[in-house]
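Student: I have a chain open and would like to go through it piece by piece. Can you take my questions as they come?
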Amino acid sequence: MKRRRFLTLAAAFAGAPLTGQAASWTGRALGADAAITLFGPAERTERLLAALPGMLSGIEGQFSLYDPDSTLARLNRAGQWPCGPYFRTLLEACDKAWRLTDGLFDPTVQPLWQALARGKDPAPARRLIGWEQVQVPAVGPVTLGPGQQMTLNGIAQGFATETIAAALQKRGFEKALIHIGEHQALGGAFDLRMEDPEFGMFSALELSNRAVATSSPGALRLGGTGHILSPDGRAPLWSTVSIEADGATMADALSTAAVFMDLPRLRRLKQEARLHRITVLDDQGNLRSL
């Protein structure tokens, strides 16, 4: 899985004074480059950073498409699986994003993604799309509709980012920057820059006690189109969309769907989802901020 995000760390941290010394970890998680920077006493930060690979491995074991033993892979193969509460929490977030976007965020596009990647006729796969067919009962297994498969690539990186941020906060860290495909800041401010695959750097921001997620359909080509797929076949309207929200989970999912929304619909999304800011770049390089 190649990354579709182009939000990168600037060289400097700005704003609030440092809380102890900085310590960083870099690696891979959910197919993306990951980086976590903590501020605090050396013995605490080193101990926590040493535990991160295990924490991230546990998350990946739930949501990876490419690990045949992951919960998601087992659900896709069997069509029904007794998913645990952690997995169900993410599915609840999927349902919320689906409703907020009038169905434009739909994890059941996975068969369409596979058809386009393999050069097959996408029409049969498109008929399988429909989040409303997924059954997530309070008790009992999660069940997909006939022939359906899910991808959580449009939300799982944000969920992992937010999960790690919450774990750090619970352990008493007041200043940290977590980047697992998306960014979430504890404290701040952290200087970030937004980049587009065609136009390069187009905006900068300071991130404090919130999250930001960015989606660029053109970052990867799939079957002659961008790799972010709409359930109804519509084409993306934006080269890049960036969303700032309280948490990375919803920022990730909504930025995925927002590439298909015009400005009036984006304004409604910002109000309904209580987002802090939406930044869009069109295919001519024109920038708008809501």
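Student: What covers the buried residues of α7?
Tutor: The cover includes α3 (85–100), α6 (156–170), β7, β10, β13 and α8. Buried means under 20% relative accessible area, exposed over 50% and partly exposed in between, with a 1.4 Å probe and protein chains only. Helices (H or I, at least four residues) and strands (E, at least two) are DSSP runs, numbered from the N terminus. This is a predicted model: local features need pLDDT of at least 70, side-chain atom pairs count only at pLDDT 80 or more, and totals for chains, interfaces and linings use all residues. Residues are numbered from 1 along each chain as its sequence is written, and side-chain values use heavy atoms, with hydrogens and water left out.

Student: How many residues of α7 are buried?
Tutor: 11 of the 11 residues in helix α7 (residues 248–258) are buried, so the helix is largely enclosed by the rest of the structure. Among them are Met250, Asp252 and Leu254.

Student: What does Glu162 touch?
Tutor: Glu162, in helix α6, touches Gln184, Gly247, Ala248 and Thr249, not counting residues up to four places away in sequence. Touching, or contact, means heavy atoms within 4.5 Å.

Student: Is Glu162 buried or partly exposed?
Tutor: Glu162 counts as partly exposed because its relative accessibility is 29%. Its C-alpha atom is 9.6 Å from that of Asp246, although the two residues are 84 apart along the chain.

Student: On to the sheet. In what order do the strands run?
Tutor: The order is β2-β3-β6-β7-β10-β13-β14-β15, 8 strands in an open sheet with antiparallel pairing. Two strands pair if DSSP finds at least two bridges between them.

Student: Which strands stand at the edges?
Tutor: β2 (21–29) and β15 (287–289) do; each has a single partner strand, so one side of each is left without a neighbour in the sheet. On average, neighbouring strands of this sheet are turned by 15 degrees against each other, direction ignored. Axes here are lines fitted to C-alpha atoms, for helices over the stretch in contact, and angles run from 0 to 180 degrees between N-to-C directions.

Student: Which helices pack on the sheet?
Tutor: Helix α1 (residues 42–63) is one of them, touching β2, β3 (32–40) and β6, with its direction at about 15 degrees to that of β2. Helix α8 (residues 263–272) also packs there, touching β13 (240–245), β14 and β15, and its direction makes about 155 degrees with that of β14.

Student: And β7, where do its side chains point?
Tutor: From strand β7 (residues 183–186), His183 and Ala185 point one way while Gln184 and Leu186 point the other, and all are buried.

Student: What is the bridge partner of His183 in β10?
Tutor: Val212. The pairing of β7 with strand β10 (residues 211–215) is antiparallel, over 2 bridges. Strand β6 (residues 176–180) is joined to β7 by 4 bridges, also running antiparallel, and there His179 stands opposite His183. The hairpin of β6 and β7 has 2 residues between the strands, and Gly181 takes a positive phi near 85 degrees.

Student: Which β8 side chains are buried?
Tutor: In strand β8 (residues 190–196), Phe190, Leu192, Met194 and Asp196 point to one face and are buried, while Asp191, Arg193 and Glu195 point to the other and are not. A hairpin of 3 residues joins β8 to β9, and 7 bridges link β8 to strand β9 (residues 200–207) in the antiparallel sense.

Student: Change of topic: where is Asp282?
Tutor: Asp282 is in the loop between β14 and β15.

Student: What is the nearest side chain of opposite charge to Asp282?
Tutor: Arg288, 7.7 Å away; Asp282 is buried yet has no salt bridge. Lys and Arg count as positive and Asp and Glu as negative, with His and the chain ends not counted. A salt bridge is a side-chain nitrogen of Lys or Arg within 4 Å of a carboxyl oxygen of Asp or Glu.

Student: Which backbone nitrogens does the Asp282 side chain reach?
Tutor: The backbone nitrogen of Gln284 lies 2.8 Å from a polar atom of that side chain, and the backbone nitrogen of Gly285 is reached at 3.0 Å. Leaving aside neighbours within four places in sequence, Asp282 is in contact with Phe199, Trp238 and Ser239.

Definitions and conventions:
A polar contact is a pair of N or O atoms within 3.5 Å; within protein, one must be able to donate a hydrogen and the other to accept it, and residues adjacent in sequence count only if both atoms are side-chain atoms.
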